[in-house]
Amino acid sequence: MLPRFELLVPQSLEEAVQLLSQLGDKGRILAGGTDILVQMRSGQIQTEYLVDIKKFEQLRGNEFSAANGLIIGALSTHRDLELSSIIRERYTVLYDGVSRVGSVQIRNRGTIGGNICNALPSADSLAPLLALGAKVVLRGVSGEREMELRDFLIGPRKTALKTGEILTHIIVPPGNELCGGAYIKFTRRKAMDLALLGVAVYQEYRSDLATCSRIRIAMATAAPVPMRALEAENF
């Protein structure tokens, strides 16, 4: 049974930021709800207020351009990303990751921003995003800031998110035309399961197709946070 809490429904992103800033440790964000409601029911999390941001359409969808790369709204669901043709064709490592999250029902509800902010080392979206060199955009009362995803994740369920801040977008570099990647998830069984180990690889080639010009390798469930395998990349 869920503990008692008060649901707040701000009408704008600015109002949500102000509310979260005022509430401090007493308030939490409600987006998809697939993590926080389960954690509240089990007693892992106690909060007096949930701030519902689901209606903010400016935080949904994704846009791609050759100049700026892929910009993903934090409220985009895993299913939204799984069905995106640009992600399936150009960001195959991310497609592999988001299409392995839970069940179709969970993917229809759970958001990419929530998955990132939950900061579990086993999260299937995080290793692919690390391999792609992603950044996160954070909005707070003092304005907007960007930071590397690898710096945002600081521990299990711990991020660099400050009080009152909301993750609004994820930025993924465009890469070049000769790029590709894949995410492999090792599990105990061929069904819905957390990864015993997840490995994401992204690489770019020079025009001769014989030389790798850039490679990133990231792993899930290998450390307290998803991590880059820098020595392997250098080798």
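The following paragraphs describe the pocket, cavity, nonpolar cores and salt bridges of a predicted model, together with the surroundings of selected residues.

The largest pocket was considered first. Its volume is about 1,500 Å³, and its lining comprises 50 residues. Asp35, Gln39, Gly114, Cys117 and Asn118 are the lining residues that lie nearest the centre of this pocket. Two or more lining residues are contributed by each of strand S2 (27-30), helix H2 (36-42), helix H7 (112-118), strand S9 (158-159) and strand S10 (166-172). Among these elements, H7 makes the greatest contribution to the lining of the largest pocket, with five residues. By residue class, the lining of the largest pocket consists of 20 nonpolar, 19 polar and 11 charged residues.

Enclosed space was examined next. The search yielded one cavity of 30 Å³ or more, and the space in the largest cavity amounts to about 30 Å³. The lining of the largest cavity is formed by Leu132, Pro173, Gly175, Tyr202, Glu204, Arg214 and Arg216. At least two residues of this lining come from strand S12 (197-205), and at least two come from strand S13 (212-220). Three residues of the cavity lining are nonpolar, one is polar and three are charged.

Two of the residues that line the largest cavity, Glu204 and Arg214, also form a salt bridge with each other, in which the closest N and O atoms are 3.8 Å apart. This pair links distant parts of the chain, with Arg214 placed in strand S13 and Glu204 in strand S12, 10 residues apart. The two partners were assigned to separate accessibility classes: Glu204 has a relative accessible area of 8% and is therefore buried, the limit for that class being under 20%. Arg214, at 42% relative accessibility, is partly exposed because its value falls between the 20% and 50% limits.

In the whole structure, nine salt bridges were found. One of them joins the side chains of Glu57 and Arg60, with an N to O distance of 3.6 Å. Glu57 is exposed, at a relative accessible area of 55%, whereas Arg60 is partly exposed, at 32%. A further salt bridge is formed between Glu233 and Arg228, where the closest N and O atoms are 2.7 Å apart. Glu233 has a relative accessible area of 13% and is buried. In addition, a network of salt bridges links Arg79, Glu82 and Arg107.

The nonpolar interior was then analysed. The largest nonpolar core contains 36 residues, and those that touch the most other members are Leu94, Ile116, Leu129, Leu149 and Val172. Helix H8 (residues 126-131) supplies the largest share of this core, namely five residues. Leu129 is in contact with Leu94, Ile112, Ile116, Ala134, Leu149, Ile170 and Val172 when neighbours within four places in sequence are left aside. Another core, of 14 residues, lies apart from the largest one, and its members include Val17, Ile53, Leu59 and Ile166.

Two further strand residues were examined individually. Glu144 is located in strand S7 (residues 143-148). With a relative accessible area of 57%, Glu144 is classed as exposed because this value is over the 50% limit. Beyond its neighbours within four places in sequence, Glu144 is in contact with Val137, Leu138 and Arg139. The C-alpha atoms of Glu144 and Leu209 are separated by 39 Å, and the two residues are 65 residues apart along the chain.

Leu197 belongs to strand S12, a strand that also contributes to the lining of the largest cavity. At 28% relative accessibility, Leu197 is partly exposed. When residues up to four places away in sequence are not counted, Leu197 touches Ile184, Lys185, Phe186, Ala220, Thr221 and Ala222. Leu197 and Ala223 are 26 residues apart along the chain, and their C-alpha atoms are separated by 9.9 Å.

Conventions. Residues numbered from 1 in each chain as written. Predicted model: local features only at pLDDT ≥ 70, side-chain atom pairs only at ≥ 80, totals over all residues. Heavy atoms only, no water. 1 Å grid on protein atoms, 1.4 Å probe; cavity = no way out; pocket = protein on both sides within 12 Å on 5 of 7 lines; lining within 4 Å. Points joined across faces, edges and corners; volume = space filled by probe spheres on them. Helix = DSSP H or I, 4+ residues; strand = E, 2+ residues; numbered from the N terminus. Nonpolar A, V, L, I, M, F, W, Y, C, P; charged D, E, K, R; others polar. Salt bridge = Lys/Arg side-chain N within 4 Å of Asp/Glu carboxyl O. Buried < 20%, exposed > 50% of the residue type's maximum accessible area, 1.4 Å probe, protein only. Core = buried A, V, L, I, M, F, W, Y, C linked by side-chain atoms within 4.5 Å. Contact = heavy atoms within 4.5 Å.
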